[in-house]
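Work through the following exercises with the sequence and the model side by side. Each task is followed by a solution in steps.

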Amino acid sequence: MGPVHLPPRWRRVLRWGALLCLGIAAAVLTILGCQLALRLQEPSFRQWFEGQIADLHIWGVLAMLAIQVLQIILAFIPGEPVEILAGVLYGTIGGFLLCQGGVFVGQLAVFQLVRRYGAPVVELFFERKHIRQFAFLQNTRRLEAIVFLLFFIPGTPKDILTYVAGLTPIRPGRFLFLATVARIPSILSSTLAGATLGEGKLWVSLVIFAAIGAVGIAGILLNQKILSRLQKDQPPSKP
């Protein structure tokens, strides 16, 4: 069975439909999240909330793991809210381990799908102009170092990188190791913010969120410079 090619019109419809659903879900979750953050400052509510999580047993863990896997596969879902939620529910370390496990499984699934079906899978989620900005990954001799760097820097488009990596010559095992390890600081900081929020320390969480935001903005600016340099240094394609 060969790759499935969707017409550009259908790809746009799917992409915009997904973005609309994401926008609605994000608005609802933001409202609910703000209400939860305020209630968690009350010791009685926090104790009740922790009891509810404990009652979920292994099913809660599996659900959180599945959410993280889906976040990687459905690239339009932002990762930070999922990581923060994991921190709220399972603490800094527990949330971190769940997220890392989900990231590993999600990246493995995406990588294998792209290797099997090629560019059409990537184009389901991203426009060609966005994919082409990573064309330099096909020719660079420093592929593994660049992959690690781009996944390590906060604010880089890790969602598209996870898909584009499957189009490059990088070995699956090397990619999974580099990408998973490079994500550690980002995931750990998000679960820490979520954990302090779950403990009712709203102001501590706000400080952490502000720090994450500042680092993210710096990472975006740095990422733009790095991508410009790498695209500029791309060797000419062979005829």
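**Exercise 1. Decide whether threonine 191 is buried or exposed, and list what surrounds it.**

Solution. The model is a predicted one. Start with the location: threonine 191 is part of helix 9. Next, take its relative accessibility, which is 0%. The cut-off for a buried residue is under 20%, so threonine 191 counts as buried. Last, leave out residues up to four places away in sequence and collect the contacts of threonine 191: Glu83, Gly87, Gly91, Thr92, Gly95, Phe96 and Cys99.

**Exercise 2. Describe helix 9: its length, its buried residues and what comes just after it.**

Solution. Helix 9 contains 15 residues. From its first C-alpha to its last it reaches 21 Å, close to the 21 Å expected at 1.5 Å a residue. Its buried residues are Ile187, Ser190, Thr191, Ala193, Gly194, Ala195, Thr196, Leu197 and Gly198. Just after helix 9 comes glycine 200, with a positive phi of about 85°.

**Exercise 3. Find which residues serine 205 touches, and state how far it is from alanine 195.**

Solution. Serine 205 sits in helix 10, which covers residues 202–232. Its relative accessibility is 0%, so serine 205 counts as buried. Not counting residues up to four places away in sequence, serine 205 touches Ala193, Thr196 and Leu197. These three also appear among the buried residues of helix 9. Serine 205 and alanine 195 are separated by 10 residues in sequence and by 8.3 Å in space, C-alpha to C-alpha.

**Exercise 4. Locate arginine 183 and work out whether it has a salt bridge partner.**

Solution. Arginine 183 is in the loop between helix 8 (172–182) and helix 9 (184–198). It is buried, yet it has no salt bridge. To check this, look for the nearest side chain of opposite charge: that is glutamate 83, 5.3 Å away. A salt bridge needs the nitrogen and the carboxyl oxygen within 4 Å, so the distance of 5.3 Å does not qualify. Setting aside neighbours within four places in sequence, arginine 183 is in contact with Ile72, Gln100, Val103, Gln107, Phe151, Lys158 and Thr162.

**Exercise 5. Search the whole structure for salt bridges and place the result on the helices.**

Solution. The search gives 1 salt bridge. Its partners are arginine 174 and glutamate 144, whose closest N and O atoms are 2.9 Å apart. Arginine 174 belongs to helix 8 and glutamate 144 to helix 6; with their positions 30 residues apart, the pair links distant parts of the chain. Arginine 174 counts as partly exposed because its relative accessibility is 33%. Glutamate 144, at 28%, also counts as partly exposed.

**Exercise 6. Determine what helix 8 packs against.**

Solution. First pick out the buried residues of helix 8: Phe175, Leu176, Leu178, Ala179, Thr180 and Ala182. Then follow their packing, which is against helix 3, helix 6, helix 7 (158–164) and helix 9.

**Exercise 7. Identify the residues of the nonpolar surface patch and the elements that supply them.**

Solution. The patch is made by Ile93, Leu97, Phe148, Phe152, Phe177, Val181, Ile184 and Leu188, and covers about 690 Å². Two or more of its residues come from each of helix 3 (79–117), helix 6 (143–152), helix 8 and helix 9. Take one member as a check: isoleucine 184 is in helix 9. At 31% relative accessibility, isoleucine 184 counts as partly exposed. Residues enter a patch at over 30% relative accessible area, so the 31% of isoleucine 184 meets that cut-off.

**Exercise 8. Classify arginine 116 and give its distance from glycine 166.**

Solution. Arginine 116 lies in helix 3. Its relative accessibility is 46%, so arginine 116 counts as partly exposed. Arginine 116 and glycine 166 are 50 residues apart in sequence, while their C-alpha atoms are 9.0 Å apart in space.

**Exercise 9. Summarise the protein as a whole: elements, burial, contacts and surface.**

Solution. Count the elements: there are 10 helices and 0 strands. Of the 239 residues, 37% are buried. Among contacts with a separation of 6 or more, 78% join residues 24 or more positions apart. The protein exposes about 13,700 Å², and carbon and sulfur atoms supply 70% of that area.

Conventions: Residues are numbered from 1 along each chain as its sequence is written. This is a predicted model: local features need pLDDT of at least 70, side-chain atom pairs count only at pLDDT 80 or more; totals for chains, interfaces and linings use all residues. Side-chain values use heavy atoms; hydrogens and water are left out. Helices (H or I, at least four residues) and strands (E, at least two) are DSSP runs, numbered from the N terminus. Buried means under 20% relative accessible area, exposed over 50%, partly exposed in between (1.4 Å probe, protein chains only). Lys and Arg count as positive and Asp and Glu as negative; His and the chain ends are not counted. Contact means heavy atoms within 4.5 Å. Patches are made of residues with over 30% relative accessible area and no salt bridge: like charges are joined within 9 Å, nonpolar side chains (Val, Leu, Ile, Met, Phe, Trp, Tyr) within 5 Å. Accessible areas come from the Shrake-Rupley method with a 1.4 Å probe; for residues, only the protein chains shown count as cover. The expected span of a helix is 1.5 Å times one less than its number of residues.
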